[in-house]
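Visitor: I am new to this structure, and I would like a close look at one small part of it. Could you pick a residue and walk me through its surroundings?

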Amino acid sequence: MTSQATPEEPADRAPSAATEPQVARDVRGGDGARPASAGTHVAVPDTAAVDAAVARPLHIFDTTLRDGAQREGINLSVADKLTIARHLDDFGVGFIEGGWPGANPRDTEFFARAREEITFRNAQLVAFGATRRAGGSAADDLQVKALLDSGAPVVTLVAKAHDRHVELALRTTLDENLAMVRDTVAYLRDQGRRVFVDCEHFFDGYAANPAYAKSVVRAASEAGADVVVLCDTNGGMLPAQIQAVTATVLADTGARLGVHAQDDTGCAVANTLAAVDAGATHVQCTANGYGERVGNANLFPVVAALELKYGRTVLPEGALAEMTRISHAIAEVVNLTPSTHQPYVGVSAFAHKAGLHASAIKVDPDLYQHIDPELVGNRIRMLVSDMAGRASIELKGKELGIDLGEDRALVGRVVERVKERELAGYSYEAADASFELLLGDELRRGAHGGAEGEAPSRFFRVESWRAITEDRPDGTHANEATVKLWAKGERILATAEGNGPVNALDRALRVALERIYPQLAKFELRDYKVRILEGRSGTESTTRVLISTGDGDGEWSTVGVAENVIAASWHALEDAYTYGLLRAGVAPVE
């Protein structure tokens with residue numbers, strides 16, 4: 001939660017006279033809309049859709065663009081915010097909090113552009129701001145005016161609900177704080193806006209002075225707030241506390257309540273659902289749990305729980321199946337790697353490694369999964385490792401589109417080869433392409449009677465390679481690689497330079513093969529990871545390299561292991577090129 005600043009701290013309150021926001025368009029009335037007061041020129045959208053959204057039995061309120069953007073490492077441009085808003089609307093959330101108009105030019109521009117560039121199909125746009133300043137009036141408060149100028153049909157006001165925060169941070173009286181809440185809510189309602197009030201530090205304030213915390217809820221509700229949100233701003237509460245307090249406040253005030261939970265105890269999703277259990281009908285979340293410190297309640301597990309565990313319909317039909325895609329798309333926009341272990345949408349959320357699990361899943365996937373992953377747009381993944389049994393290999397083959405049938409001898413050979421290679425340092429959990437090549441090699445050996453030493457089916461045969469790094473007197477380095485190989489009966493020698501020895505090898509391999517295999521021009525190295533494995537003999541160690549390669553239509557991962565990083569990288573590159581050519585439909589050389 002963004003704190004409400006004191007009159008002595010104008011930087012936290014928006015805007016000052018010097019940064020007065022641009023005046024919005026003329027008033028546009030609608031059914032049930034209240035006219036703007038004389039002298040104002042603000043855009044009031046048609047209220048029919050807004051009223052319908054507010055009347056929903058359960059609100060899904062997303063604050064990724066405001067509270068989520070406060071996460072360390074996230075810096076959203078206006079274009080980023082518009083893109084994320086479109087994703088959230090596609091997902092079907094009811095309300096999208098776009099930011100604090102007037103607080104900074106970026107948020108002000110976002111609201112102006114969102115009105116013109118986005119036709120929301122499911123969501124209502126929400127502007128965030130604070131109650132008026134102490135001792136003033138809402139009608140004369142510039143930051144309240146900025147909320148109106150944003151044109152957003154819904155406004156969220158942050159209000160102090162903790163008596164110590166009122167006296168120490170706002171430096172005003174408890175009665176004046178209640179007046180600030182009443183005045184600002186009533187004024188915005190008179191201007192035709194729907195109003196939600198975030199009671200900041202509510203649960204801590206309730207613990208210190210329950211009577212005053214509840215008086216803030218009453219003041220907001222009686223002044224016309226549609227929802228009063230109980231905020232665990234410091235994120236220190238636990239589910240039982242949230243549920244008990246929410247139930248008591250609901251019974252004592254009769255207000256429609258919401259919940260805003262931070263994740264400092266790791267309980268934000270559980271706290272949000274506990275509040276729903278107690279009667280809250282408005283949940284505030286962020287995509288992927290982004291937010292200040294350790295984050296906010298994660299939108300995706302909350303929505304999935306409401307839909308699949310509670311049986312509450314909170315999204316448009318079919319939207320839940322888009323959840324994994326939406327989660328990953330938003331992660332791309334904010335430039336953060338999606339969490340592989342995130343509930344429901346992580347790539348490991350339905351991944352199975354143990355042979356015992358695989359055996360059961362082969363009989364019935366529900367035996368080791370709490371839901372069908374396709375309900376949220378995810379899928380089962382079988383991980384191949386030295387823990388794999390026959391069932392794991394069979395299921396992994398099916399996942400890759402390879403029917404191993406009833407060939408128990410073949411499956412047995414694959415199991416033994418995987419265990420042998422994992423003992424040497426290989427890992428196929430994150431290298432599906434290398435495993436598929438291994439599986440293909442064993443299938444080919446099986447077709448030749450399982451003969452030992454039968455050469456795998458590949459596109460080129462390497463005679464030798466060499467990588468040189470030269471340290472020059474001027475402090476610079478030169479990296480050069482030479483590759484000698486055979487392809488389609490032709491011996492090829494190629495040399496290339498690069499910005500490192502692995503890059504030089506990659507370029508030399510391209511120089512050698514692109515004339516024969518022009519498909520390589522589309523290949524692009526996307527990611528490169530090095531892991532130094534446990535030493536096996538004194539200071540001797542083994543290196544594992546994982547390479548991700550893409551061709552514009554997809555991505556695949558390969559693994560290489562050797563006693564040095566260059567050799568390990570070469571093995572991973574060989575697999576990457578071989579798999580990519582197979583993927584492109586090129587016939588291998590027998």
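Guide: Let us start with His201, which counts as buried because its relative accessibility is 6%; buried means under 20% relative accessible area, exposed over 50%, and partly exposed in between, with a 1.4 Å probe and protein chains only. The model is predicted, so local features need pLDDT of at least 70 and side-chain atom pairs pLDDT 80 or more, while totals for chains, interfaces and linings use all residues. Numbering starts from 1 along each chain as its sequence is written, and side-chain values use heavy atoms, without hydrogens and water.

His201 sits in the loop that links strand E5 (194-200) to helix H7. Helices (H or I, at least four residues) and strands (E, at least two) are DSSP runs, numbered from the N terminus. Setting aside neighbours within four places in sequence, His201 is in contact (heavy atoms within 4.5 Å) with His162, His165, Cys231, Thr233 and Asn234.

Take Cys231 from that list. Cys231 is buried too, because its relative accessibility is 0%. The closest cysteine sulfur to that of Cys231 belongs to Cys199, and the 6.8 Å between them is too far for a bond. Across the whole structure, in fact, a search finds zero disulfides, a disulfide being a pair of cysteine sulfur atoms within 2.5 Å.

Another contact of His201 is His165, and this number brings us to helix H5, residues 163-170. In H5, the buried residues are Asp163, Val166 and Leu170. Viewed down the axis of H5, these buried residues fall within an arc of 100 degrees, so they line one face of the helix; the arc is taken from the directions that run from the helix axis to the C-beta atoms. A general rule helps here: an α-helix has 3.6 residues a turn, so residues three or four places apart point the same way.

What lies over that buried side? The cover for the buried residues of H5 includes strand E4 (154-160) and helices H6 (174-190), H7 (202-208) and H8 (210-223). H7 is already familiar, as the loop holding His201 leads to this helix. Turned away from the buried side of H5 is a face with the exposed residues Arg164 and Leu168. After H5 comes Arg171, with a positive phi near 55 degrees.
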